[in-house]
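Work through the exercises below with the sequence and the coordinates open. Try each task before you read its solution.

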Amino acid sequence: INHFHNQLKMEYGKENLADYFEQIYYSYKIHLRKPDWEIFKYVLNENNLNAKRTLFIDDTIRHIESARAIGIQAVHIGSDIALDDIYSALSAYSKK
């Protein structure tokens, strides 16, 4: 994570991931955890999102499978993925 945070700051001028999101959900606050599908349902309901129009990106296949099980579009990433790859995936997804 430290390498990732350094990359965010150096390449994009962001201090942390929170700078990219309007809302962040912490498991300890909502008492739900991945891969339990209820956490995905909670976030969808909380934000009035359509699962089929929602993209979830994670590095743990169990989390990906759980999100897909309730209809969320999910992309599995490896530890060697660069931020530019994530931006490219997001950009391609947003054009769908």
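Buried means under 20% relative accessible area, exposed over 50%, and partly exposed in between, with a 1.4 Å probe and protein chains only. This is a predicted model: local features need pLDDT of at least 70, side-chain atom pairs count only at pLDDT 80 or more, and totals for chains, interfaces and linings use all residues. Residues are numbered from 1 along each chain as its sequence is written, and side-chain values use heavy atoms, with hydrogens and water left out.

**Exercise 1.** Classify Ile24 as buried, partly exposed or exposed, and place it in a surface patch.

Solution. Step one: locate the residue. Ile24 sits in the loop between helix H1 (2-12) and helix H2 (27-30); helices (H or I, at least four residues) and strands (E, at least two) are DSSP runs, numbered from the N terminus. Step two: apply the cut-offs. Ile24 counts as partly exposed because its relative accessibility is 31%. Step three: find its partners. Ile24 forms a nonpolar surface patch with Phe21, Tyr26 and Tyr28. Patches take residues with over 30% relative accessible area and no salt bridge; nonpolar side chains (Val, Leu, Ile, Met, Phe, Trp, Tyr) are joined within 5 Å, like charges within 9 Å. Together the four have about 450 Å² of accessible area, by the Shrake-Rupley method with a 1.4 Å probe, only the protein chains shown counting as cover for residues.

**Exercise 2.** Find the salt bridge partner of Asp58 and describe the surroundings of Asp58.

Solution. Start with the criterion: a side-chain nitrogen of Lys or Arg within 4 Å of a carboxyl oxygen of Asp or Glu. The whole structure has one salt bridge. Asp58 pairs with Lys34, the closest N and O atoms being 3.0 Å apart. Asp58 lies in strand E1 and Lys34 in the loop between H2 and helix H3 (37-46), so the pair ties together parts 24 residues apart in sequence. Asp58 is buried, at 8%; Lys34 is partly exposed, at 34%.

Next, list the contacts (heavy atoms within 4.5 Å). Beyond its neighbours within four places in sequence, Asp58 touches Lys34, His63, Ile64, Val75, His76 and Ile77. The Asp58 and His63 side chains make a polar contact at 3.2 Å. That term means N or O atoms within 3.5 Å; within protein, one must be able to donate a hydrogen and the other to accept it, and residues adjacent in sequence count only if both atoms are side-chain atoms.

**Exercise 3.** Which residues of H3 are buried, and what covers them?

Solution. Ile39, Phe40 and Leu44 are buried. They lie on the same side of H3, because their arc around the axis is only 135 degrees, taken from the directions from the helix axis to the C-beta atoms. Their cover includes H2, E1 and helix H4 (61-69).
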